[in-house]
Amino acid sequence: MLWQLPAHAAPAYKKLTLGGPAAVVSYPLLHMLETNALQDYTEVLSFRLWQSPDQLRALLTRKEIDLTAAPVNLPALMFNLGEKVKLLNISVWGILWLVSSDPDVKGFDDLKGKELLVPFQRDLPSVLLDTLLAARNTGQETVKLRPVRDAQDAITLMLSGKGQHALLVEPMAAMLLWRNRQQGERELFRVQSLEEAWRETFPNKAELPQAGLMANSNVAQDTELLKAVDKAYAESARWCKSNTLACAEMVNRHIPHLPVPAVEEAIRVTRLESLSANQIRPQLENLYGLLGKRFPKAVGNKMPAVEFYGP
């Protein structure tokens with residue numbers, strides 16, 4: 001009798017689509033794509049760049065994205081609205097930076113009476129900023145928040161001298177500083193991360209989980225896949241943090257409008273550490289509870305149930 005090795009089982013999925021913004025949270029996904037990290041689970045792995053949380057929700061609803069980087073409140077909101085999504089991990093713990101042309105501005109408290117460019121409305125960064133300013137008694141009545149269309153508008157205003165202070169998400173803060181160095185007309189300062197100010201303001205809730213990876217409802221019950229994705233993402237996040245130049249060059253291949261020096265700087269200044277959502281559920285619930293007091297609609301008006309936390 002001849003013994004034969006069993007034929008290798010075909011992957012369970014013909015195609016899996018990863019998604020993410022042009023931000024640090026997506027860089028491990030691009031490394032997973034280049035290394036074909038999920039080859040045992042899918043025949044084809046692709047990546048879809050999205051521009052806003054509203055666009056992401058539409059893509060998730062149409063099942064055009066299976067696994068995606070997302071701001072921490074979006075999966076909670078979708079889950080509480082009845083979508084059976086899961087939060088797999090948190091990998092980014094601070095991507096918001098205050099940039100200023102004023103050397104006397106050392107932190108958010110120094111913005112009283114000054115105008116701050118804010119290139120996001122209704123999204124998680126604006127919710128976090130409002131929560132922080134209110135807690136530090138530096139609310140909208142003393143800091144003049146100036147909404148602008150997007151980060152590029154904020155960068156243009158800062159470079160032209162028509163803006164003095166801006167809150168930007170990485171890598172856009174690094175992009176501003178890089179472009180300003182090219183111009184060489186005046187100095188800009190990376191003042192303080194919102195994460196640092198958050199720790200000062202909420203010492204008992206010092207961790208600020210901002211973005212991570214979520215699974216869409218069509219794959220959220222596949223525990224084996226989710227564990228494999230969580231593991232591969234964590235490995236790729238470690239690679240990106242340990243190989244900042246190679247990671248930046250990889251990002252530039254996929255997103256050419258992001259220059260390598262700015263991407264590398266963004267990786268260096270970002271706490272990129274992937275931890276499974278189940279492992280950090282207390283920190284997540286702290287943040288959801290805090291946001292829920294001022295902006296209940298941002299998290300769907302209640303705390304997500306235990307099955308929300310994956311993988």
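**Close-up views of a predicted model**

**View A. T201 counts as buried, with a relative accessibility of 19%.** The model shown in this and the following views is predicted rather than experimental. T201 is assigned to the buried class because its value lies under the 20% cut-off. This residue belongs to helix α7, which covers residues 194–201. Its side chain reaches back to the backbone oxygen of A197, at a distance of 2.7 Å. When neighbours within four places in sequence are set aside, the contacts of T201 are with L132, A135 and R136.

**View B. V99 of strand β5 is buried, with a relative accessibility of 0%.** The strand that holds V99 spans residues 96–100. Leaving aside neighbours within four places in sequence, V99 touches residues that include M158, Q164, H165 and A166, and its contacts also take in A173, L176, L177, L188 and F189. For orientation along the chain, S236 is 137 residues away from V99, and the C-alpha atoms of these two residues are separated by 29 Å.

**View C. Helices α2 and α3 cross at roughly 45 degrees, with axes that come within 11 Å.** The pair consists of helix α2, residues 53–61, and helix α3, residues 73–80. Because of this crossing angle, α2 is described as oblique to α3. The crossing in which α2 passes α3 is right-handed. On the α2 side the contact is formed by P53, L56, R57 and L60, and on the α3 side by L74, L77 and M78. Sorted by character, the residues of this contact comprise six nonpolar, no polar and one charged.

**View D. Helix α10, residues 260–269, is mostly covered, with seven of its 10 residues buried.** The buried set is made up of V260, A262, V263, E264, E265, A266 and I267. These buried residues pack against several elements, namely α1 (27–34), α6 (172–183), β9 (189–193), α8 (223–242) and α9 (244–254).

**View E. Two peptide bonds that precede proline, E170 to P171 and G310 to P311, are cis.** Most peptide bonds are trans. The bond that joins E170 and P171 has an omega of about 15 degrees, and P171 is placed in the loop between β8 (165–169) and α6. For the bond that joins G310 and P311, omega is about 0 degrees, and P311 lies in the segment after α11 (281–294).

**View F. N36 and N301 each have a positive phi, although neither residue is glycine.** Most residues other than glycine have a negative phi. The phi of N36 is near 50 degrees, and this residue is found in the loop between α1 and β2 (42–49). With a relative accessibility of 34%, N36 counts as partly exposed. The phi of N301 is near 70 degrees, and its place is in the segment after α11. N301 is classed as exposed because its relative accessible area is 57%, a value over the 50% cut-off.

Key:
Residues are numbered from 1 along each chain as its sequence is written. This is a predicted model: local features need pLDDT of at least 70, side-chain atom pairs count only at pLDDT 80 or more; totals for chains, interfaces and linings use all residues. Side-chain values use heavy atoms; hydrogens and water are left out. Buried means under 20% relative accessible area, exposed over 50%, partly exposed in between (1.4 Å probe, protein chains only). Helices (H or I, at least four residues) and strands (E, at least two) are DSSP runs, numbered from the N terminus. Contact means heavy atoms within 4.5 Å. Axes are lines fitted to C-alpha atoms, for helices over the stretch in contact, and angles run from 0 to 180 degrees between N-to-C directions. Angles under 35 degrees count as roughly parallel, over 145 as roughly antiparallel, 65 to 115 as roughly perpendicular and the rest as oblique. A crossing is left-handed if the near helix is turned anticlockwise from the far one by less than a right angle, and right-handed if clockwise. Ala, Val, Leu, Ile, Met, Phe, Trp, Tyr, Cys and Pro count as nonpolar, Asp, Glu, Lys and Arg as charged, and the others, Gly among them, as polar. A polar contact is a pair of N or O atoms within 3.5 Å; within protein, one must be able to donate a hydrogen and the other to accept it, and residues adjacent in sequence count only if both atoms are side-chain atoms.
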